[in-house]
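Student: Could you take me on a close look at one part of this model, the strand with the unusual peptide bond, and then carry on to other backbone details worth checking?

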There are 2 protein chains.
Amino acid sequence: MKEEPDCTPVWFMRQAGRYLPEYRAVRAKVPFLTLCKTPVLAAEVTLQPVDILRVDAAILFSDILVVPEAMGMHLVLDDAGPQFPQPLRGPEDLKDLHVPDPEQELRYVLEAIRLVRKELAGKVPLIGFCGAPWTLAAYMIEGRTSRGFERAKAALFGDEKFADALLSRISAALSLYLQAQLDSGAEALQIFDSWAGALSPADYARLGAPYLARVVQSLRRARKQPVIVFGVETGELLDQLAATGADVLGVDWRVPLDEARRRVGSRVALQGNLDPASLFLTDAELEKRVMRVLEEGRRAVPGHIFNLGHGILPSTPVESAKLAVELVHRGLPAH
Amino acid sequence: MKEEPDCTPVWFMRQAGRYLPEYRAVRAKVPFLTLCKTPVLAAEVTLQPVDILRVDAAILFSDILVVPEAMGMHLVLDDAGPQFPQPLRGPEDLKDLHVPDPEQELRYVLEAIRLVRKELAGKVPLIGFCGAPWTLAAYMIEGRTSRGFERAKAALFGDEKFADALLSRISAALSLYLQAQLDSGAEALQIFDSWAGALSPADYARLGAPYLARVVQSLRRARKQPVIVFGVETGELLDQLAATGADVLGVDWRVPLDEARRRVGSRVALQGNLDPASLFLTDAELEKRVMRVLEEGRRAVPGHIFNLGHGILPSTPVESAKLAVELVHRGLPAH
């Protein structure tokens with residue numbers, strides 16, 4: 001994100017979240033979904049880690065499931081995790097799903113973006129985001145997080161027409177939604193294909209990558225508005241993710257960045273990939289691990305954005321997160 | 001397991017389990033841990049899938065956590081999943097862990113093995129099993145299943161001496177336990193490193209592979225007593241797993257078998273790797289997927305054992321599991 005060639009930019013997935021006392025103070029007042037839907041509060045928690053950790057980017061506080069909700073699904077977000085109490089059962093449920101107009105039905109997100117941009121005043125860029133088509137479709141069919149994804153896979157593997165209709169409709173919704181985020185001031189976008197790794201490469205080539213690519217390629221954006229794609233357990237999918245038209249590929253901590261580079265060439269910059277559990281180690285051990293990622297990332301052409309290999313864990317000590325940012329900014333020792 | 005060159009042997013991980021009405025009938029009478037500890041019942045459920053599905057191997061019904069329990073930890077297995085209510089906190093807790101004598105403290109497992117062998121009368125081989133050192137250590141420190149494994153990683157990454165002491169003690173326990181299983185009649189062994197994929201390759205090289213290799217290489221076994229190693233999300237770890245001295249490498253469904261072959265060469269046979277969700281598809285779609293795995297497995301030198309890429313899911317239709325076995329036995333169509 002930053003332009004200085006000698007300083008790797010850093011931000012953390014879920015950096016606006018539960019590990020921050022300042023976030024918990026806001027959350028104590030309102031339920032999660034209300035927080036997402038109240039622009040002034042969403043903006044407030046979005047900005048917290050920028051001030052506290054001194055990261056090089058803000059990422060909008062929101063949830064990937066607000067899109068299926070805007071499409072017409074009933075969403076419940078409580079302590080048991082997000083749920084759709086009436087999950088999709090098959091083609092007959094498509095009639096209840098529309099492509100929402102983001103300026104109307106997701107206006108609260110766009111307002112939060114405008115508020116954050118105003119507050120940031122150019123200090124660091126703001127990243128908008130959404131979930132990828134496969135991940136959202138899987139959630140909409142399973143109704144909740146799943147271990148085997150057997151419902152989603154049974155519904156989508158077995159009925160190509162339904163799969164294409166559902167994934168196309170979600171993709172259309174995401175294209176409008178991300179475009180509206182860009183037009184409202186988002187300076188970068190990350191698309192989370194959180195459950196990409198539940199699919200084999202052959203299935204991802206049918207149900208994941210094509211729709212993700214369609215969304216990425218639909219966007220009218222300036223050269224300075226990069227798109228990042230990220231999923232976990234995607235070691236075998238990196239080449240497909242790199243071919244979507246995204247500028248940056250997020251890599252989980254399972255795949256060393258130099259191995260990821262070998263798999264995808266220099267089509268995309270790499271983002272990642274410190275094991276989130278590293279933030280629970282001693283300062284000395286954390287430093288070693290940050291330096292290792294920086295070292296591997298240095299060989300990443302056309303570039304490297306430092307991040308965790310997955311979202312920051314809820315019990316992460318804030319001091320460790322701050323230290324990690326400092327260490328990245330300090331950079332590798334001169335040789 | 002079978003010797004016919006034109007028929008790929010097949011069994012399923014967790015084939016003795018909740019998807020079978022016959023298993024649920026037994027489980028309705030006794031708690032899970034009682035079932036593990038009652039040889040006649042453990043033997044009964046071990047044999048069920050051999051008769052019902054006609055698989056080519058039995059795998060002992062048990063749980064990987066009986067070893068930590070025998071080492072001295074209090075184990076609770078209930079509907080909330082397995083738990084150690086007093087997880088390990090650090091080096092000071094090592095004094096409470098001993099290396100159990102399997103003939104005494106895990107005798108119920110050995111008795112179940114002897115019963116199953118007698119009942120099977122050579123019809124199909126019996127596979128014994130255990131969890132791998134890293135997976136058991138992680139469980140013992142976390143106390144339950146985890147998302148980020150931050151406790152286990154903090155404890156083991158940061159304190160090499162503690163990590164080596166704990167993993168060595170677990171390895172010693174596993175060596176004795178597996179040797180006793182072989183000596184009691186187990187004709188093959190599978191070691192489940194279920195949480196291998198939580199570690200980066202560098203961390204697995206320190207905390208996973210060396211201890212797993214120590215266990216495998218400690219065994220005095222006949223050439224006809226193969227050892228299988230398996231973990232999920234192990235795409236980046238396959239070379240390390242293949243170098244442990246195991247004869248067979250289990251591969252999850254994320255890595256196509258021919259890709260796995262490219263990564264590990266011909267040191268090991270491959271086992272896997274049908275996506276468990278495939279058993280929820282139509283017969284025609286299931287057949288396509290079984291054939292694809294057989295096709296990829298045919299190129300696996302020195303051999304291929306058909307299996308799922310992970311445990312069979314609890315809501316799997318029994319008829320689909322039976323069909324999958326039939327399809328494997330029918331084999332690829334002649335060219």
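Tutor: Happily! A strand here is a DSSP run of E that covers at least two residues, and strands are numbered from the N terminus. Please keep in mind that this is a predicted model. With that in hand, go to strand β8 of chain A, which spans residues 269-274 and contains N273(A). The peptide bond between G272(A) and N273(A) is cis, with omega at about -10°. Now turn to chain B, where N273(B) lies in strand β8, residues 269-274. There, G272(B) and N273(B) are joined by a cis peptide bond with an omega of about -15°.

From omega, let's move to phi. A121(A) is not a glycine, yet its phi is positive, about 50°. You will find A121(A) in the loop that links α6 (107-120) to β4 (126-131) in chain A. A121(A) counts as exposed because its relative accessibility is 66%, and the cut-off for exposed is over 50%. In chain B, A121(B) comes just after α6(B) and takes a positive phi of about 50°.

That brings us to the helix itself. α6 of chain B runs over residues 107-120, 14 residues in total. From first C-alpha to last, α6(B) reaches 20 Å, close to the 20 Å expected at 1.5 Å a residue. Its buried residues are Y108(B), V109(B), L110(B), A112(B), I113(B), V116(B) and L120(B). When you look at how they are spaced, recall that an α-helix has 3.6 residues a turn, so residues three or four places apart point the same way.

Another positive phi is worth a look: R54(B), a residue other than glycine, has a phi near 65°. R54(B) sits in the loop between α3 (39-53) and β1 (58-59) of chain B. R54(B) counts as exposed, because its relative accessibility is 61% and exposed means over 50%.

Staying with arginines, R14(A), R18(A), R24(A) and R147(B) form a positive surface patch. Within that patch, R18(A) belongs to the segment before α1 (21-27) of chain A, and R18(A) is exposed, with a relative accessible area of 54%.

Finally, follow chain B to the segment after α15 (318-330), where L332(B) is placed. L332(B) is partly exposed, at a relative accessible area of 22%. Between the C-alpha atoms of L332(B) and P85(B) there are 49 Å, and the two residues are 247 apart along the chain.

Note on methods
Residues are numbered from 1 along each chain as its sequence is written. Chains are lettered from A and ligands numbered from 1 in the order in which they are written. This is a predicted model: local features need pLDDT of at least 70, side-chain atom pairs count only at pLDDT 80 or more; totals for chains, interfaces and linings use all residues. Side-chain values use heavy atoms; hydrogens and water are left out. Patches are made of residues with over 30% relative accessible area and no salt bridge: like charges are joined within 9 Å, nonpolar side chains (Val, Leu, Ile, Met, Phe, Trp, Tyr) within 5 Å. Accessible areas come from the Shrake-Rupley method with a 1.4 Å probe; for residues, only the protein chains shown count as cover. A salt bridge is a side-chain nitrogen of Lys or Arg within 4 Å of a carboxyl oxygen of Asp or Glu. Lys and Arg count as positive and Asp and Glu as negative; His and the chain ends are not counted. The place of a charge is taken as NZ of Lys, CZ of Arg, CG of Asp or CD of Glu. Helices (H or I, at least four residues) and strands (E, at least two) are DSSP runs, numbered from the N terminus. Buried means under 20% relative accessible area, exposed over 50%, partly exposed in between (1.4 Å probe, protein chains only). The expected span of a helix is 1.5 Å times one less than its number of residues.
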